[in-house]
Amino acid sequence: AELRSRAKAINFGIIYGMGPQRLAQDTGISVPEARAFIEAYFATFPGVRRWLDATLEQARKDGFVTTLYGRRRKIPDITSDKPGLRVQAENMAVNTPVQGSAADLIKKAMIEVHSRMRSERFEARMLLQVHDELVFEAPEREVERLKALVRETMQGVAALRVPLLVEIGVGTNWLDAH
């Protein structure tokens, strides 16, 4: 879990423009090693570089980016002459399709999970959403059935080229469920 968390932070950091100095600082490696790592990352995943470049080009052309489900975010500073504003806008242009699409997916999943819970007469309740997590309160007798419903619904919320995977934890509180 810790390795996955660090890998996720590094991946998102690189995608969102983390430079060698920041990567070195965050991971404890040297700046030349970090620079080599970033170069190797984009060599290994050239599609990521193509997507980043295409997303920024489209944002500069249109002045906005969209999520998977078509929500738009205007990016007015994407062509700013002020480097600080432009870099911030570029980060937003890259972040929005990823995080905005994740938000679209979790909202869709929440609606579908709630609908199924009502139609299947669960006593369990969906309590809250935290980023890409849903938190439920359920009687012990419903836990296994709820886990199956949540996994099936969330993994099937969209047909993507990359499968959506769902991890489920159970505990007496949110911390214990992790």
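Here is a friendly exchange about a predicted model and the terms used to describe it.

Reader: Before we start, what kind of model is this, and which residues count?

Author: The model is predicted, so local features need pLDDT of at least 70 and side-chain atom pairs count only at pLDDT 80 or more, while totals for chains, interfaces and linings use all residues. Residues are numbered from 1 along each chain as its sequence is written, and side-chain values use heavy atoms, with hydrogens and water left out.

Reader: Good. Why are H1 and H3 called roughly perpendicular?

Author: Helix H1 (residues 2-15) and helix H3 (residues 31-44) pack at an angle of about 85°, and their axes are 11 Å apart. Angles of 65 to 115 degrees count as roughly perpendicular, under 35 as roughly parallel, over 145 as roughly antiparallel, and the rest as oblique. H1 and H3 are therefore roughly perpendicular. The axes are lines fitted to C-alpha atoms, for helices over the stretch in contact, and angles run from 0 to 180 degrees between N-to-C directions. The helices (H or I, at least four residues) and strands (E, at least two) are DSSP runs, numbered from the N terminus.

Reader: Which residues of H1 and H3 meet?

Author: From H1 come Ile10, Asn11, Ile14 and Ile15, and from H3 come Phe37, Ile38, Tyr41 and Phe42. By class, this contact of H1 with H3 has seven nonpolar residues, one polar and no charged. Here contact means heavy atoms within 4.5 Å. Ala, Val, Leu, Ile, Met, Phe, Trp, Tyr, Cys and Pro count as nonpolar, Asp, Glu, Lys and Arg as charged, and the others, Gly among them, as polar.

Reader: What makes H3 roughly perpendicular to H4?

Author: H3 and helix H4 (residues 46-62) pack at about 90°, with axes 4 Å apart. That angle makes H3 roughly perpendicular to H4. Tyr41, Phe42, Ala43 and Thr44 of H3 meet Pro46, Val48, Arg49 and Leu52 of H4. The contact of H3 with H4 has six nonpolar residues, one polar and one charged.

Reader: Tyr41 and Phe42 come up again there. Why is their ring pair called edge-to-face?

Author: The structure holds three aromatic pairs. In the pair of Tyr41 and Phe42, the ring centres are 5.3 Å apart and the planes are at 90°, so the pair is edge-to-face. Rings of Phe, Tyr and Trp (its six-membered ring) pair if their centres lie within 6.5 Å; planes under 30 degrees apart count as stacked, over 60 as edge-to-face and the rest as tilted. Tyr41 also pairs with Phe45, and that pair is tilted, at 5.2 Å centre to centre and 55° between the planes. Ring pairs thus link Tyr41, Phe42 and Phe45 into a cluster.

Reader: Are those three rings buried or exposed?

Author: Buried means under 20% relative accessible area, exposed over 50%, and partly exposed in between (1.4 Å probe, protein chains only). Tyr41 has 8%, so Tyr41 counts as buried. Phe42 has 13%, so Phe42 is buried too. Phe45 has 41%, so Phe45 is partly exposed.

Reader: How do you know that Arg49 lies over the face of Phe42?

Author: Arg49 is at 4.0 Å from the ring centre of Phe42. A charge sits over a ring if NZ of Lys or CZ of Arg is within 6 Å of the ring centre and within 35 degrees of the ring normal. Arg72 likewise lies over the face of Phe64, at 4.0 Å from the ring centre.

Reader: Why is Thr96 called buried?

Author: Thr96, in helix H5 (residues 83-119), has a relative accessible area of 8%, so Thr96 is buried. Leaving aside neighbours within four places in sequence, Thr96 is in contact with Val65, Thr67, Arg73 and Ser101. Thr67 is in the loop between strand E1 (64-66) and strand E2 (72-74), and at 7% relative accessibility Thr67 counts as buried.

Reader: What makes Arg121 and His131 stand out?

Author: Phi of Arg121 is near 55°, a positive value in a residue other than glycine. His131 also has a positive phi, of about 55°, and is not a glycine. Most residues other than glycine have a negative phi. Arg121 has 73% relative accessibility, so Arg121 counts as exposed, and His131, at 69%, counts as exposed as well.
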